[in-house]
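Welcome, and please have your viewer open with the selection panel at hand. We will go from the overall layout to the ligand, one selection at a time.

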Amino acid sequence: MEISLIKAGPDRLKKKPGDNDNLNFGDIFTDHMFVMDYKEGVGWHNARITPYGSFQIDPAAMGIHYAQEVFEGLKAYMGKNGDIYLFRPEENIKRFNASATRVCMPDVDENIFMEGMKKVVLLDREWIPKNRGTSLYIRPAMFATEPHLGVRPSKEYIFFIILSPVGNYYKEGLNPVKIYVEDKYVRAAVGGIGEAKTGGNYAASLLASEEAKGKGFTQVLWLDAAEREYVDEVGTMNMFFLINDEVLTAPLTGSVLRGITRDSVIRLCRDWGIWVSERKLSIYEILDAAKSGRLKEAFGTGTAAVISPVGQITFKNEDHIVAGGKMGEVSQRLYNELIGIQYGIKEDPYGWRVKIN
Ligand SMILES: *Cc1c(COP(=O)(O)O)cnc(C)c1O
């Protein structure tokens with residue numbers, strides 16, 4: 001399939017943030033976007049790069065009513081000499097299609113996805129910020145557009161990719177965050193859609209995170225839906241603990257998102273000779289370890305924040321300080337290694353980095 005290109009005219013070009021401007025996360029967008037349409041019987045068609053702008057959609061579009069929507073999140077990094085890198089993008093594409101399958105949406109051809117993504121990033125390359133820790137966040141997404149009321153899979157979809165220059169995900173940066181162990185609400189149950197990057201999961205999480213923020217916490221730590229005891233994730237990140245010399249994280253049993261950062265962290269730790277276990281983790285086990293000083297570090301992992309150290313865990317009104325409230329050694333080493341690979345500063349023995357220019 002050919003990708004057509006309509007460039008934004010000079011009057012539609014937006015003002016880019018300067019090197020000294022503070023970048024937030026996800027509130028400005030570049031000049032162009034990639035878009036493609038789907039119709040049952042026709043398949044994907046009309047792949048195009050156009051000026052960034054609104055869609056016109058019918059008020060009966062099924063995506064608005066029944067939440068058939070999936071998305072991804074990855075970043076383009078500006079390396080030395082103007083080299084532009086993506087980090088394991090093929091994994092995002094595979095996960096996007098796995099999410100789509102779970103909510104009865106069509107697959108997107110992996111080649112056209114990759115080609116469209118590279119083309120739009122390269123067209124808007126001037127938007128990739130250069131400062132340390134900044135990047136161009138890439139948001140591919142798809143939603144149902146068929147005008148129809150009645151619950152069944154839509155026969156029409158829009159797929160698109162938009163780009164946003166970003167700084168740190170948390171205003172805390174690499175400073176440890178306080179997390180609230182959620183014992184009232186749940187995010188996802190085994191057999192549900194927790195494993196899919198689909199909008200409904202995030203709608204389901206909002207009330208809990210708003211309440212936690214109101215109490216002064218950055219994020220909530222989700223427990224399993226059945227027993228309210230086993231750690232699932234933290235906010236929109238996978239969760240890791242270092243107890244004695246062992247790194248622990250929840251297994252991928254269906255309620256946890258299959259994080260690409262999670263996978264990379266496991267790989268790095270194992271190659272460094274650190275024992276990693278993917279197993280059910282009771283919150284009581286974690287807090288016992290915290291009380292007896294065996295919990296050395298705790299951190300979340302995700303594309304947006306990379307490694308987010310946890311300095312305090314609060315459960316049923318009891319505060320537990322982790323790693324003296326500071327970033328731990330393993331968390332710091334993982335952060336440095338991942339950032340190093342992503343920005344082309346360190347060797348990449350895994351072939352994770354993809355240079356696109
Ligand atoms: C996206 C996401 C993650 C992190 O995945 P990465 O591939 O590492 O960015 C973790 N948990 C949830 C719920 C997510 O949506």
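How many residues of domain 1 are in contact with residues of domain 2? To find out, colour the two parts of this predicted model separately: select 4-166 for domain 1 and 177-342 for domain 2. Across the boundary, 20 residues of domain 1 are in contact with 20 residues of domain 2.

Now show the surface between the two domains. Domain 1 and domain 2 bury about 1,800 Å² between them, and 58% of that area is on carbon and sulfur atoms. On the domain 1 side, pick out Phe 71, Phe 87 and Arg 95: together they supply 34% of the area that domain 1 buries against domain 2, more than any other three residues. If you place a marker at the centre of each domain, taken over C-alpha atoms, the two markers will be 28 Å apart.

Next stop, the ligand. Select the 14 residues around the ligand, then highlight Lys 197, Tyr 202, Glu 233, Thr 261 and Thr 303, which come nearest. Colour the shell by class and you should find four nonpolar, six polar and four charged residues. Switch on the cartoon as well: strand E12 (237-243) and helix H5 (260-271) each supply at least two residues of this shell.

Finally, try some distances from oxygen atoms of the ligand:

- To an N or O atom in the side chain of Tyr 202: 2.4 Å.
- To a polar side-chain atom of Thr 261: 2.6 Å.
- To an N or O atom in the side chain of Lys 197: 2.7 Å.

With the protein surface turned on, see how the ligand is enclosed: the protein covers 96% of the 380 Å² of accessible area that the ligand has on its own.

Key
Residues are numbered from 1 along each chain as its sequence is written. This is a predicted model: local features need pLDDT of at least 70, side-chain atom pairs count only at pLDDT 80 or more; totals for chains, interfaces and linings use all residues. Side-chain values use heavy atoms; hydrogens and water are left out. A residue is near a molecule or strand if one of its heavy atoms lies within 4 Å of it. A polar contact is a pair of N or O atoms within 3.5 Å; within protein, one must be able to donate a hydrogen and the other to accept it, and residues adjacent in sequence count only if both atoms are side-chain atoms. Accessible areas come from the Shrake-Rupley method with a 1.4 Å probe; for residues, only the protein chains shown count as cover. Helices (H or I, at least four residues) and strands (E, at least two) are DSSP runs, numbered from the N terminus. Ala, Val, Leu, Ile, Met, Phe, Trp, Tyr, Cys and Pro count as nonpolar, Asp, Glu, Lys and Arg as charged, and the others, Gly among them, as polar. Domain bounds come from an automatic or database domain assignment. Contact means heavy atoms within 4.5 Å. Buried area is the accessible area (1.4 Å probe) that two parts lose on being put together, summed over both.
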